[in-house]
Amino acid sequence: LWHSITVDSTIASISGAHCNEISRVLAAHGKDFDNSETPIRILEVAAYAHTTGYMLANKFNTEVTLSDISIDTLALGRDIAIESNLDNDKVTRIASDFHDLPFTDNYFDLVYIASALHHTWSWQKVLQELMRTVKLGGLLFLENEPCAREFCFYKFRTNRREQFREIEKTLDQEG
């Protein structure tokens with residue numbers, strides 16, 4: 001509901017930061033978009049209205065799929081991308097639940113999710129879905145989960161290390 005009545009003024013800056021971080025991670029893992037014979041495939045899960053995927057598609061030889069549970073936020077992201085003169089030709093938008101992703105096994109070179117895994121009580125199922133869709137040798141990139149935050153209004157009742165739950169301990173241990 002919040003997303004349908006509020007436009008986040010930080011979409012552009014956060015999208016740019018995400019694009020830079022994804023580019024850095026891919027380079028650090030030897031993924032070379034420019035010299036790839038076939039387009040690299042990226043899936044952004046819980047994409048909200050971010051234009052990260054559009055930026056990546058415009059910057060590199062890549063096919064991007066954006067997935068979010070909300071059709072409205074995907075459409076808003078498309079509109080923001082158009083207003084920002086970002087090409088939409090290599091970007092596909094799919095409304096789906098991240099507990100049951102409608103994608104082929106081992107399909108994406110990079111599966112990316114930011115600030116969203118903590119929105120479910122069934123995080124193990126979501127992680128299984130993310131792992132299922134990433135290719136062998138591909139990258140699964142989780143960014144900005146709240147396990148070390150001192151204050152958070154999301155899923156967790158607490159974010160103090162001494163009171164972490166199983167998912168928080170696991171995410172914290174994995175960095």
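## Strands, a helix and a few odd loops

User: In this predicted model, how many of the 7 residues of β2 are buried?

Analyst: β2 is largely enclosed by the rest of the structure. Part of the setting is β1 (residues 40-45), which pairs with β2 in the parallel sense. Another part is β3 (residues 91-95), also paired with β2 in the parallel sense. The count of buried residues in β2 is 6 of the 7.

User: How does the chain get from β1 to β2, and what is the handedness of that crossover?

Analyst: The two strands pair over 6 bridges, with Leu43 standing opposite Thr65 in β2. Between β1 and β2 the chain passes through helix α3 (residues 52-59). That β-α-β crossover is right-handed.

User: On the β3 side, which residue is the bridge partner of Val64?

Analyst: β2 covers residues 62-68 and pairs with β3 over 5 bridges. Ser67 stands opposite Ile94 in β3. For Val64, the bridge partner in β3 is Val91.

User: And which helix makes a β-α-β unit with β2 and β3?

Analyst: This unit is right-handed. Its helix spans residues 71-83, and just after that helix Asn85 takes a positive phi of about 60 degrees. The helix is α4.

User: What end-to-end reach does α4 have, first C-alpha to last?

Analyst: α4 has 13 residues, and at 1.5 Å a residue the expected value is 18 Å. The model comes out close to that. So the C-alpha to C-alpha reach, with the expected span being 1.5 Å times one less than the number of residues, can be read against that figure: α4 reaches 18 Å.

User: How wide an arc around the axis do the buried residues of α4 cover?

Analyst: The buried residues in α4 are Thr73, Leu74, Gly77, Ile80 and Ala81. They sit on the same side of α4, because the arc they cover around the axis is only 120 degrees.

User: Then which exposed residues does the face turned away from the buried side of α4 carry?

Analyst: Exposed here needs a relative accessible area over 50%. One of these residues also shows up at the start of α4, where a side-chain oxygen of Ser70 reaches to within 3.3 Å of the backbone nitrogen of Asp72. The exposed residues on that face are Ile71, Asp72 and Glu83.

User: Is Thr51 buried or exposed?

Analyst: Thr51 lies in the loop between β1 and α3. Leaving out residues up to four places away in sequence, Thr51 touches Ser15, Gly77, Ile80, Ala81 and Leu86. Among them, Gly77, Ile80 and Ala81 are buried residues of α4. With a relative accessible area of 2%, Thr51 is buried.

User: Which residues does Lys135 touch, not counting residues up to four places away in sequence?

Analyst: Lys135 is found in strand β5 (residues 134-143). It counts as partly exposed because its relative accessibility is 30%. Arg41 is 94 residues away in sequence, yet its C-alpha is 9.7 Å from that of Lys135. The residues Lys135 touches are Arg41, Asn106, Tyr107, Phe108 and Asp109.

User: What is the phi of Asn106?

Analyst: Most residues other than glycine have a negative phi. Asn106 is not a glycine and still has a positive one. The residue lies in the loop between β3 and β4 (108-114) and counts as partly exposed at 48% relative accessibility. Its phi is about 55 degrees.

User: Where is Ser115, which also has a positive phi?

Analyst: Ser115 is not a glycine, and its phi is about 55 degrees. Its relative accessible area of 26% makes it partly exposed. Ser115 is in the loop between β4 and α5 (123-133).

User: Zooming out, what pattern does the protein follow along the sequence?

Analyst: The protein has 6 helices and 5 strands. Of its 175 residues, 45% count as buried. Read along the sequence, the pattern is α-α-β-α-β-α-β-β-α-β-α.

User: What share of the contacts with a separation of 6 or more comes from residues 24 or more positions apart?

Analyst: A contact here means heavy atoms within 4.5 Å. One pair of this kind is Lys135 and Arg41, which touch and are 94 residues apart in sequence. For the protein, the share is 68%.

Technical notes: Residues are numbered from 1 along each chain as its sequence is written. This is a predicted model: local features need pLDDT of at least 70, side-chain atom pairs count only at pLDDT 80 or more; totals for chains, interfaces and linings use all residues. Side-chain values use heavy atoms; hydrogens and water are left out. Helices (H or I, at least four residues) and strands (E, at least two) are DSSP runs, numbered from the N terminus. Buried means under 20% relative accessible area, exposed over 50%, partly exposed in between (1.4 Å probe, protein chains only). Two strands pair if DSSP finds at least two bridges between them. A crossover is right-handed if, with the strands pointing away from the viewer, the path from the first strand over the helix to the second runs clockwise. The arc is that of the directions from the helix axis to the C-beta atoms. A polar contact is a pair of N or O atoms within 3.5 Å; within protein, one must be able to donate a hydrogen and the other to accept it, and residues adjacent in sequence count only if both atoms are side-chain atoms.
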